[in-house]
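Please work through the exercises below with the sequence and the coordinates open beside you, trying each task before reading its solution.

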Protein chains: 2
Amino acid sequence: MQLDFTYYNPTTIHFGKNSLTNLNDELTQYGDTVLLMYGRNAIKSNGLYDQVMTILAETGKKVIELSGVMPNPTYEKMMEGAKLVREHNVSLILAVGGGSVIDCAKGVSVSAYCEGQDPFQKYWVEHQEITNKIVPVASILTMVGTGSEMNGGSVITHEESKYKVGRAFPAKVFPKFSILNPEYTFTVSQYQMVSGVFDTMSHLMEQYFSDQGANTTDYLIEGLLKSSIDNLRIALKKPNDYEARSNLMWNATLALNTMTGLSKTQDWQVHMIEHQLGAYTDCAHGMGLAAISLPYYRLVYKFGVEKFVRFATQVWGISAEGKNPDQIALEGIAALEHFTNECGIVTSLQELGATKEMLPKIAKSTTIIGKGYKKLTDKDVLEILEACF
Amino acid sequence: MQLDFTYYNPTTIHFGKNSLTNLNDELTQYGDTVLLMYGRNAIKSNGLYDQVMTILAETGKKVIELSGVMPNPTYEKMMEGAKLVREHNVSLILAVGGGSVIDCAKGVSVSAYCEGQDPFQKYWVEHQEITNKIVPVASILTMVGTGSEMNGGSVITHEESKYKVGRAFPAKVFPKFSILNPEYTFTVSQYQMVSGVFDTMSHLMEQYFSDQGANTTDYLIEGLLKSSIDNLRIALKKPNDYEARSNLMWNATLALNTMTGLSKTQDWQVHMIEHQLGAYTDCAHGMGLAAISLPYYRLVYKFGVEKFVRFATQVWGISAEGKNPDQIALEGIAALEHFTNECGIVTSLQELGATKEMLPKIAKSTTIIGKGYKKLTDKDVLEILEACF
């Protein structure tokens, strides 16, 4: 706990089977016009769309809809939403879906009244402070992974320039409230569930593997990693196990609600590589992260071996007896690999849609952060990508 | 994660060596008159009082002082503060000290403008909703344990009736901001440090030992318990170890900022017994908790043996091999007892100031909650007290 920090997270979380009953009360806090954002047809086929529309009608809201928000939401979609906000003087943006829809909703919020400069350039590329008016965002979460329901994260893909970039906005952009009913995640496919859990685990590991020693944040991360592992095993056998699905849902929120990054330098190099992989292939985010994580951690572990030893012993229960630190550390990474295989995680870039020709382009366009155990070179990134091809 | 919950914690935490530098900015959010509450002379001898007064002067605040807030703050002290708030139209109550000062500050906040009924009766005994105006509270923490810096907890002792009672107020009573500099805790005596850490651990255990199974909250609690154990061991050897003291400080905040109680029924029976012990003896809160915990857990473990097995294996690293659940559970409680001895925790009620004659009175006045593994009888409570006499 060596770094000073400020922690402030004002999102209200309504969690559980009956959490949607809080929507009426929450809506009374906002004005008349709601922009309802969602993805494709999932929320229509499972009945959630109708439930939400009923509550919006009951509370007398005028509803503007923006559907078709895609995984890896695009700049174009965000600008479409921004235009709707201005045209209809929207008072609340309600995102119903997974992280992509919520990320896009935050993008719409900060972009709608951005003047004088393109918002993508201003906020995502140049990381400028938000001085324009923003519109409150709220969410009803249907997919687990990104943690966007309780943070300021917003990842937007600029298709023309093949640039997928994330920004962690300050607390005023966090969802005002988020409704988390684990039952909404029952209809998510096994592939997407596993991908979401690996996204959670990657968030935890990228915060964990970023300094020496072990502070309170590391102990919390170890607990959340173990809960993710144990509960994914249960959910793979019994997809409708309410307890397991609810633990996976809450793990994902806590994994990136800024608490698990406190006092940590944080790495995010795996996410940076995956963002470019995603920009070229549109692969499931968690699968891309898993593919990259294994060669990445095998490359960098030597520079943070003490933490990798902790990871092996505390998270995977590996015995240290009679082994040197390198052996223990590598056994921890092997345990992670074994777990990805056990859960059917796809770690081959071909299967994720990449071609050999893409790899140098992905490597070249990856942002090198240098906050982890080793500052990568372009050659390192290419080697990592080739290792999972 | 079987219980639905709403989570909302709007306290801003400024943590670290330079955290006091945030005070100026925070003060600009509030009006002109600050009620500065503190305990005895500790903050004058370590220089913190002068630093805070300088910043208050720089920001042009008129300062009213209320000193002498005691451990187990009294109804009388709270009413003294309430009178000052009304007389001087106070805009912010700034508590500088440990949990007692912050608890008392919250009491002052809700009591100052309470009309028509005695506030202790209305808010602590009858748990009525707060409808009167409240005054914002903020804190600068100098002692670790209660978690009052990031929650609505306020324990007040009514001396005349020997009644010490706590209330968890809603989010509007939480401190608006809290400044946590681990260095302020360096001058706390070893006795008080250890007492504070056991208070933290008791908060964690009273939330943990309250249902079957293990959800994400339990994994977090196990992590925070391990961090408390590991870091107290370091701090006992090296009291000025910044990392250890900062981990202990942040553990205490997280142990009772409501997150570690989510989806748990929660017990709090140990606290209920200790509150009455404290009302009769004025003993250090954490020491009283430790004394009561050991016989209490030995009495109730049979009714929640699965969770006590988890406690033994996950928190204390006890091997389950070749043992039955009862053996493992009892080894976990024995490990806790061994740890209290190792850290010099006082678990004899005589040493904590109790007399044999007090025990039936303490037992009789204890509130039985019945949310833990076994609903105690008056006889059970007396037996627990006698076991630690």
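The exercises that follow concern a predicted model, and each task is followed by a worked solution.

**Exercise 1. Judge the confidence in chain A and in the complex.**

Task: State what mean pLDDT chain A has, and which ipTM and pTM the predictor gives the complex.

Solution: Begin with the single chain, where the mean pLDDT of chain A is 95 and 100% of its residues reach 70 or more. Then turn to the assembly, for which the predictor gives an ipTM of 0.96 and a pTM of 0.96.

**Exercise 2. Describe the interface of chain B and chain A.**

Task: Work out how many residues take part in the contact, what area is buried, and which elements of chain B contribute.

Solution: Step one is to count the participants, and here chain A and chain B each bring 40 residues to the contact. Step two is the area: the two chains bury about 3400 Å² between them, with 53% of it on carbon and sulfur atoms. Step three is to ask what kinds of pairs cross the interface; the count of salt bridges between chain B and chain A is zero, while 18 residue pairs are in polar contact, both residues being at pLDDT 80 or more. Step four assigns the side of chain B that touches chain A to its elements, and those giving two or more residues are strand S1 (5-15), helix H8 (216-237) and helix H9 (242-255) of chain B. The largest share of that side, 11 residues, comes from S1(B). Sorted by class, the side of chain B that touches chain A holds 17 nonpolar, 18 polar and five charged residues.

**Exercise 3. Follow the strand pairing between the chains.**

Task: Determine in which sense, parallel or antiparallel, strand S1 of chain A and S1(B) pair.

Solution: Strand S1 of chain A covers residues 5-15, and its pairing with S1(B) is antiparallel over seven bridges. To locate the register, find Ile13(A), which stands opposite Tyr7(B) in S1(B).

**Exercise 4. Place a salt bridge within chain B.**

Task: Explain what the pair Asp211(B) and Lys264(B) ties together.

Solution: First take the overall tally, which comes to 28 salt bridges over all chains. One of them joins the side chains of Asp211(B) and Lys264(B), at 2.7 Å from N to O. Asp211(B) lies in the loop between helix H7 (190-208) and H8 of chain B and Lys264(B) in the loop between H9 and H10 of chain B, so the pair ties together parts that are 53 residues apart in sequence.

Key:
Residues are numbered from 1 along each chain as its sequence is written. Chains are lettered from A and ligands numbered from 1 in the order in which they are written. Side-chain values use heavy atoms; hydrogens and water are left out. Contact means heavy atoms within 4.5 Å. Buried area is the accessible area (1.4 Å probe) that two parts lose on being put together, summed over both. A salt bridge is a side-chain nitrogen of Lys or Arg within 4 Å of a carboxyl oxygen of Asp or Glu. A polar contact is a pair of N or O atoms within 3.5 Å; within protein, one must be able to donate a hydrogen and the other to accept it, and residues adjacent in sequence count only if both atoms are side-chain atoms. Helices (H or I, at least four residues) and strands (E, at least two) are DSSP runs, numbered from the N terminus. Ala, Val, Leu, Ile, Met, Phe, Trp, Tyr, Cys and Pro count as nonpolar, Asp, Glu, Lys and Arg as charged, and the others, Gly among them, as polar. Two strands pair if DSSP finds at least two bridges between them. pLDDT is the predictor's confidence in each residue, from 0 to 100.
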